[in-house]
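Notebook open, model loaded. I want to go through a few spots one by one and jot down what turns up.

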Amino acid sequence: MSELARHLVDYLTLRRALGFTLEQEGRELPQLVAYLEAAGSATLTAELAIAWARLPQQVQPIRWAHRLGSARVFARYLATIDPATEVPPRDVFGARVVRPAPYLWSEAEVRRLLEAARALRPPLRAATHEALFGLLAVSGMRLGEAIGLERDAVDLDAGVLTIREAKFHRSRLVPLHPSAVAALRAYAARRDQLCPRPRARTFLVSSVGTALLAREVQHTFNQITVALGQRTPTVHPRLHDLRHYPDCPIIPTRRVSAGGARAARGIITDPPGRRGARRRAGSGPERGPT
């Protein structure tokens, strides 16, 4: 093992001990070290780091910027050991992350989405996607969190979901409106009727009893939004946008409970005070039916 490679092992070990996962860096920085060694360099230079960052072809400049960013942090660490190390400049590629404009769902659109999901076949696929899309719309959960929910993380008696290993590897509790609890309870009963011996421990299961795959869910969502006329060459609704559904109270208020929430199939609640949003511009057990 070369000296550079040993320094990389120490660097990754140190930063991971501080809580960083460094998944991308753990894959790419060994490639950087191999590139430096192939170039006959015993130290990291700005020129070589920039050349390495640009190796991927047919990618956006932001991809090069991310690679160079990983190299820059490693270079700062190396500079404390080897003064000859050069830290590459920050804005070599002038790349900035361009975030897509969110698609603001109306209540009517969410209802149509659930109705379309309900028409899927086979029946378990329909029930699961209806429950999933509705859950995303009322809870603010990410897709990966929802499809990864295990049964012991769903407490329907308390009306609380436990999200484990969420963003930044923290856990959090997600309270649900009673109408959402009722819908999930109905889904659990339907799921257990159609698939009494699932192969996965997740709350939401596929038509064959396995855990849902994000790419398959996304494919189904794309098909539905195309059929509904929502997805066009210039408008691209995303599942992630359901987290920003403007007519959904993430945490129910007394006004919602007192006023009584309207619901689409019992899972879409209609909160007070959040109407009229403009459209887009451009480990408790699952105590339900078993």
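Before I list any neighbours: I call two residues in contact when heavy atoms come within 4.5 Å. I also keep in mind that this is a predicted model.

**Entry 1, Arg16 and the turn after it.** I started at Arg16, which sits in helix H1 (residues 3–17). Skipping its neighbours within four places in sequence, I found Arg16 in contact with Thr21, Leu22 and Gly26. I then looked at Leu22 and saw that its backbone oxygen is 3.3 Å from a polar atom of the Arg16 side chain. Arg16 has a relative accessible area of 39%, so I noted it as partly exposed. Leu22 belongs to the loop between H1 and helix H2 (23–38). With a relative accessibility of 5%, Leu22 goes down as buried. Its phi also caught my eye: near 55°, positive in a residue other than glycine.

**Entry 2, another positive phi.** Gln58 is not a glycine either, and its phi is positive at about 55°. I placed Gln58 in the loop between helix H3 (46–53) and helix H4 (61–79). Is Gln58 buried or exposed? I get 87% relative accessibility for Gln58, so exposed it is.

**Entry 3, a cis bond.** I checked omega and got about 0° for the peptide bond joining Arg121 and Pro122, which is cis. Pro122 lies in the loop between helix H5 (107–118) and H6.

**Entry 4, H6 against H8.** Next I took helix H6 (residues 123–139) with helix H8 (residues 178–194): the angle is about 160° and the axes are 10 Å apart. Anything over 145 degrees counts as roughly antiparallel, so that is what I wrote for H6 and H8. Their crossing is left-handed. On the H6 side I listed Pro123, Leu124, Ala127, Thr128, Ala131, Leu135 and Val138, which meet Ala180, Leu184, Tyr187, Arg190, Arg191 and Leu194 of H8. Sorted by class, this contact has ten nonpolar residues, one polar and two charged.

**Entry 5, Arg191.** One of those H8 residues deserved its own note, namely Arg191. How accessible is Arg191? Its relative accessibility is 0%, so Arg191 counts as buried. I followed the Arg191 side chain and found that it reaches the backbone oxygen of Phe203 at 2.8 Å.

**Entry 6, the whole chain.** Last, I zoomed out and counted ten helices and three strands. Along the sequence I read α-α-α-α-α-α-α-β-β-β-α-α-α. Of the 290 residues, 43% count as buried.

Methods: Residues numbered from 1 in each chain as written. Predicted model: local features only at pLDDT ≥ 70, side-chain atom pairs only at ≥ 80, totals over all residues. Heavy atoms only, no water. Axes fitted to C-alpha atoms, helices over the stretch in contact; angles between N-to-C directions. Parallel < 35°, antiparallel > 145°, perpendicular 65-115°, else oblique. Left-handed = near helix turned anticlockwise from the far one by under 90°. Nonpolar A, V, L, I, M, F, W, Y, C, P; charged D, E, K, R; others polar. Buried < 20%, exposed > 50% of the residue type's maximum accessible area, 1.4 Å probe, protein only. Polar contact = N/O pair within 3.5 Å; in protein donor to acceptor, adjacent residues only side chain to side chain.
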